[in-house]
Amino acid sequence: MLFDTHAHYDAAQFDSDRDAVLSALPDQGVGLVVNPGCDLESSRKAAALAERYPFLYAAVGVHPEECADWRDSDVDELRTLATQPRVVAVGEIGLDYYWPENPPRALQQRVFRAQLALASELDLPVIVHDREAHGDSMAIVREFPQVRGVFHCFSGSAEMAKELVKLGWMISFTGVLTYKNARKSVEAAQAIPMDRLMIETDSPYMAPVPHRGKRNHSGYVAHTCQRLAEIKGIAAEECAQITWENGIRFFQISV
């Protein structure tokens with residue numbers, strides 16, 4: 001079975017057929033999925049969705065692109081959501097310096113720190129979004145040595161990946177690993193021990209080859225698994241088993 005450790009089924013792209021897509025996943029070899037929130041509303045939806053499907057879990061958090069309206073009291077609602085039994089992480093949180101219209105960097109950093117502190121308080125792992133912000137992301141997670149997490153949709157260098165592994169963190173790859181121009185991601189995957197790797201779709205975004213450009217869903221995580229297996233020189237079945245075990249250990253899911 002496959003574990004898609006990051007997919008956004010609360011997204012509007014699934015409004016027309018959400019139940020059909022989710023209900024079909026077990027027959028496609030997908031045994032577990034984690035749905036992270038991106039703001040308070042999507043975190044509420046993610047937590048509610050996780051109650052409806054036995055293979056679906058949630059994370060709650062405010063994404064850096066969505067933090068413009070952040071109030072310090074938002075931590076209180078996140079704390080309440082995070083205590084629900086099917087919420088397994090704080091996320092998706094982090095820094096995104098790619099889009100010039102994103103909230104100010106100082107605000108992103110403040111919100112990131114607040115949510116890392118919440119994760120520390122609740123003893124939950126975090127799911128980190130890091131886009132064009134590698135130096136600041138690394139500096140801030142180092143401020144919270146008691147927190148462990150995953151850099152999802154990893155876009156950093158092999159050297160950065162090695163540093164994260166030393167800190168006890170996990171690395172997760174999307175369908176980007178299947179793209180022809182994914183040299184940097186391939187080098188990072190080569191550098192990381194198998195026991196620190198997870199796979200994901202980031203649905204509905206970033207569909208892997210041969211579905212690139214389509215709406216993504218967790219059934220396509222098999223393509224990322226196959227590519228990662230090729231990079232690591234192991235069978236796809238072994239890659240699926242190892243990343244499954246890594247995921248349930250990281251999120252502390254009982255299966």
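**Reading helix packing, cores and a buried histidine**

Mentor: In this predicted model, the axes of helix H8 (residues 221-232) and helix H9 (residues 236-251) cross at roughly 105 degrees and come within 8 Å.

Trainee: Is H8 roughly parallel or roughly perpendicular to H9?

Mentor: Angles of 65 to 115 degrees count as roughly perpendicular, so H8 is roughly perpendicular to H9.

Trainee: Which residues of H8 and H9 meet?

Mentor: From H8 come Cys 225, Gln 226, Leu 228 and Ala 229, and from H9 come Ala 236, Cys 239, Ala 240 and Thr 243. By class, six residues of this contact are nonpolar, two are polar and none is charged.

Trainee: At what angle do H2 and H3 pack?

Mentor: Helix H2 (residues 40-50) and helix H3 (residues 74-82) pack at an angle of about 5 degrees, and their axes lie 11 Å apart. H2 is therefore roughly parallel to H3. Leu 40, Ser 43 and Arg 44 of H2 make the contact with Asp 74, Glu 77, Leu 78 and Leu 81 of H3. Here the classes are three nonpolar, one polar and three charged residues.

Trainee: Which residues of H2 are buried, and what do they pack against?

Mentor: The buried residues of H2 are Leu 40, Ser 42, Ser 43, Ala 46, Ala 47, Leu 49 and Ala 50. They pack against helix H1 (18-24), strand E2 (30-36), strand E3 (56-60), H3 and strand E4 (87-96). At the start of H2, the backbone nitrogen of Glu 41 has a side-chain oxygen of Asp 39 within 3.2 Å.

Trainee: How should one read a nonpolar core, and how many residues has the largest nonpolar core here?

Mentor: In soluble globular proteins, nonpolar side chains tend to be buried together. The largest nonpolar core here has 59 residues, and Val 126, Phe 151, Phe 154, Ile 171 and Phe 173 have the most contacts inside it. Helix H4 (residues 105-122) gives the largest share of this core, six residues. A second, separate core has 16 residues, among them Phe 3, Leu 32, Val 88 and Val 150.

Trainee: What is Val 126 in contact with, beyond its neighbours within four places in sequence?

Mentor: The contacts of Val 126 include Val 90, Ile 93, Leu 116, Trp 169 and Phe 250.

Trainee: Where is His 6 found, and is His 6 buried or exposed?

Mentor: His 6 is in the loop between strand E1 (2-4) and H1. Buried means under 20% relative accessible area; His 6 has 1%, so His 6 is buried. The side chain of His 6 makes a polar contact with the side chain of His 152 (3.5 Å). Not counting residues up to four places away in sequence, His 6 also touches others, including Glu 92, Glu 200 and Asp 202.

Definitions and conventions. Residues numbered from 1 in each chain as written. Predicted model: local features only at pLDDT ≥ 70, side-chain atom pairs only at ≥ 80, totals over all residues. Heavy atoms only, no water. Axes fitted to C-alpha atoms, helices over the stretch in contact; angles between N-to-C directions. Helix = DSSP H or I, 4+ residues; strand = E, 2+ residues; numbered from the N terminus. Parallel < 35°, antiparallel > 145°, perpendicular 65-115°, else oblique. Contact = heavy atoms within 4.5 Å. Nonpolar A, V, L, I, M, F, W, Y, C, P; charged D, E, K, R; others polar. Core = buried A, V, L, I, M, F, W, Y, C linked by side-chain atoms within 4.5 Å. Buried < 20%, exposed > 50% of the residue type's maximum accessible area, 1.4 Å probe, protein only. Polar contact = N/O pair within 3.5 Å; in protein donor to acceptor, adjacent residues only side chain to side chain.
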